[in-house]
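Trainee: I keep running into labels for parts of this structure, and I'd like to know where they come from. Can we go through some together?
Mentor: Sure, let's put it up and take the labels in turn.

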Amino acid sequence: MLSAQAFQYLKSNNFAFVIGLISDQSISSERVWALPLYLAERLDQVQLTPELVLQHASDLAEIIREKPALHRFPGRMADYFIAAANRFVALELPLRGNFTDKMFSDLQNELMGFNGVSVKKAGLGILIQSIDFGQKIMAQDRSLALLDAHVNRFLAQYTTTEKTQLQTPRKFLG
C-alpha cells in the first residue's frame, strides 16, 4: 500500500529508512514509511540527509507537527531523528549500500544503536531489507524477531511450555 515513489525513496536512502524504522510507533505503517519522503518535501529538499535534519534541529518538532502532522509524537520523533542524524555523521554512515552483505548480528546491533530502535524493530528492518529490498543479509536464522515479547509472554502464561523450550524460528518466512 506504499507508493512506488516512497518505496524507492526508502530503498535508496539508508538514513530515510532508519527514520522510517524509528517512526514505527503508534501510527499506521503507510504513514510510517512515507514519513521520510514527506519530511524531505516539507524541508524543500529531494533527499532527506542527516545534515538536513541537523540544519533544522531547532524547528524539527514544529515541522513534524505542521498539519497534517507527520507523527503523533513530534517532539519525541524530532529528538530521535536528531540523534540518528548525529550518529550517521559521527560514524560516517553512507546513504546507500550500508545494509548489503552484512551478518545478521552486525546489522541488528547497528540498527539497535539508534535511539528508538528495539530488537523487534531491528528485526523488522532486517526483514524489510532482505525481503522487500533484496539485500543479502547473512545468518538470518539467528533472528528472534518473529517470536516477540508479546507472543513469548502469552505462551509462557497460557501454555505449559517453558520459555526456554520454545524453538526459535529458523527463517524469517517459510
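Mentor: Start with a cut-off: a residue is exposed when its relative accessible area is over 50%, and buried when that area is under 20%. Keep in mind that this is a predicted model.

Trainee: Okay, so why is aspartate 44 called exposed?
Mentor: Its relative accessibility is 69%, and exposed means over 50%, so aspartate 44 counts as exposed. You'll find aspartate 44 in the loop between helix 3 and helix 4.

Trainee: And is asparagine 14 buried or exposed?
Mentor: Asparagine 14 has a relative accessibility of 4%, and the cut-off for buried is under 20%, so asparagine 14 is buried. This residue lies in helix 2. Leaving out residues up to four places away in sequence, asparagine 14 touches Phe88, Pro94, Leu95, Arg96, Gly97, Asn98 and Phe99.

Trainee: What makes helix 2 and helix 8 oblique to each other?
Mentor: Look at the angle: helix 2 (residues 14-23) and helix 8 (residues 119-132) pack at about 135 degrees, with their axes 10 Å apart. Angles over 145 count as roughly antiparallel and 65 to 115 as roughly perpendicular, with the range under 35 being roughly parallel. An angle of about 135 degrees fits none of those, so the pair is oblique.

Trainee: Which residues meet there?
Mentor: Phe17, Leu21 and Ile22 from helix 2 meet Lys121, Leu124, Gly125, Ile128 and Gln129 from helix 8. By type, the residues of this contact are five nonpolar, two polar and one charged.

Trainee: Which residues have the most contacts inside the largest nonpolar core?
Mentor: Those are Leu39, Leu48, Phe81 and Leu111, in a core of 44 residues. Leucine 39 touches Leu48, Leu60, Ile63, Ile64, Leu70 and Phe81, again not counting residues up to four places away in sequence.

Trainee: What about the backbone? What makes a phi value worth pointing out?
Mentor: Most residues other than glycine have a negative phi, and most peptide bonds are trans. Now take serine 26, in the loop between helix 2 and helix 3: serine 26 has a positive phi of about 60 degrees and is not a glycine. Aspartate 44 also has a positive phi, near 55 degrees.

Trainee: And which peptide bond is cis?
Mentor: The one from lysine 67 to proline 68 is cis, with omega near -10 degrees. Proline 68 sits in the loop between helix 5 and helix 6.

How values were computed
Residues numbered from 1 in each chain as written. Predicted model: local features only at pLDDT ≥ 70, side-chain atom pairs only at ≥ 80, totals over all residues. Heavy atoms only, no water. Axes fitted to C-alpha atoms, helices over the stretch in contact; angles between N-to-C directions. Helix = DSSP H or I, 4+ residues; strand = E, 2+ residues; numbered from the N terminus. Contact = heavy atoms within 4.5 Å. Nonpolar A, V, L, I, M, F, W, Y, C, P; charged D, E, K, R; others polar. Buried < 20%, exposed > 50% of the residue type's maximum accessible area, 1.4 Å probe, protein only. Core = buried A, V, L, I, M, F, W, Y, C linked by side-chain atoms within 4.5 Å.
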